[in-house]
Amino acid sequence: MLEALPSRLLLLASLSLVPVLAAAQGGKGGKKGAEEAPKEGEEAAVALQLPPTPKAIDETIKKNVELAKKESVKLGEKLGGDFGVAFGTVLKVRAEGNSNERVQELVRAGDTMVEVLAEEFGVDKVKDLWAGSRGPFNMYYFKSKSTFGDALREVLEKEYPRHALNTDSKTLLDIGRFIRETPSPLTGGFFENEAHEYHLAHMLGQTFVFYLTRGGPPFKSAPATTGEGASEIEKIDPKVEMELMQQEDNSWLNEGAALYSSVRFCGANHTYCVTNAKYVGNIAIADKDVDTAYRLVCYEMAMGDEKSKDFKTLSRTETNSLDYLDLAKAWSFYDWMTQAEMRPKLVALLKGMRGRSFGTSLKQNLGWSFDDLEEKWKAFAKDEYGPKKKKKADDKSKGGKPAGPQKKDPKSK
């Protein structure tokens, strides 16, 4: 059960100091008509690749406008400055230096992202994830380290005592950002030059998969496929399976989903939950188009030119032991498995992890061993990312382009 899992502190470092911004949220769900410049001191929105916002989301935001305004005033009185606040179906966002209208756009975008993912993975975004039993994902964005420090002491530690922020508040302040997935999703930090959409998409991607795989009782739906080992897997000793789950670490799986989500919805990823996200191998990433960075590295790994962890090793690697190659491979796993013909397998694999280890679900639902997974991924990477491969048109169901980090050390936090 989720309650038995320890909360994890993820160290966040942004590699993009100057993100590409647009004047208004893009995509079919973006604002119509003339674009409006942001108010003085307020960040511009990022052009997003999203469908129209569902009516229910807009209705929820509108219903909570007065409550949001009251919290905006309350935060301003406690911390000084102006705070935009908006409450959605699965999100509550507070952002210093932004208007309530700007934050409503963030919540509208975030709720829609979760709506899209939930539909594709066949889950209810409230009942099957966090909002139903854990409450909304509370997000706090601050403009400076000093405001973040004040908020930790005066607001966050008091409002969320079960998250035990006071036990390592100095570390959180030094890092500048944090996420706690349990007992309910909570994130906060200061962002001086980074558009919030990138962080929003990243956090939602990893939190979605965290709760999809570990957020409740096993799903009742039957596996999409039945592999050779399915019958014997059903007979596995629960104690043995619990030991397997305790031995594995799904950081790569969650982080890969975060990168995929950010690239898909924002066109690039600017947030990292690891301390070693630079690459100094054969490819000079800084001299390459960022849209192809991960692809090039994954091709080298598949060809054996770069030595990388196999998936079995990745499944036992903690967050801050993941390096650039691991991140590229984790992103590539989703780039591969979210293709139309593979998506049913991915859905079955992840939903099958409720009460099962990754390796067990892999065998039960796909009939694959870790070696099978490795070989099939290598074949995909060689074919899809090879130099002679013509770049396909983006899959409309996925949206976005692959993008990798620049060759630059993370901010020192």
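This passage describes the overall make-up of one protein chain and then one of its helices, α2.

The model is predicted. The protein chain has 413 residues, and 57% of them are buried. Its secondary structure consists of 16 helices and seven strands. Contacts were counted between residues at least 6 apart in sequence, and 73% of these join residues at least 24 apart. The accessible surface of the chain comes to about 18,100 Å². Carbon and sulfur atoms account for 50% of that surface.

Helix α2 spans residues 65-79 and has 15 residues. From its first C-alpha to its last, α2 reaches 21 Å. This is close to the 21 Å expected at 1.5 Å a residue. At the end of the helix comes G80. The phi of G80 is positive, near 80 degrees.

The two faces of α2 can be described in turn. Its buried residues are A68, E71, S72, L75, G76 and L79. They lie on the same side of α2 because they cover an arc of only 140 degrees around the axis. An α-helix has 3.6 residues a turn, so residues three or four places apart point the same way. The face turned away from the buried side of α2 carries K70 and E77, which are exposed.

Several elements contribute to the cover over the buried residues of α2. Strands β2 (83-87), β3 (91-96) and β4 (137-142) are among them. Helices α3 (100-121) and α5 (145-159) are also included in this cover. On α2, then, A68 and L75 are among the buried residues, whereas K70 and E77 are exposed.

Technical notes: Residues are numbered from 1 along each chain as its sequence is written. This is a predicted model: local features need pLDDT of at least 70, side-chain atom pairs count only at pLDDT 80 or more; totals for chains, interfaces and linings use all residues. Side-chain values use heavy atoms; hydrogens and water are left out. Helices (H or I, at least four residues) and strands (E, at least two) are DSSP runs, numbered from the N terminus. Buried means under 20% relative accessible area, exposed over 50%, partly exposed in between (1.4 Å probe, protein chains only). Contact means heavy atoms within 4.5 Å. Accessible areas come from the Shrake-Rupley method with a 1.4 Å probe; for residues, only the protein chains shown count as cover. The expected span of a helix is 1.5 Å times one less than its number of residues. The arc is that of the directions from the helix axis to the C-beta atoms.
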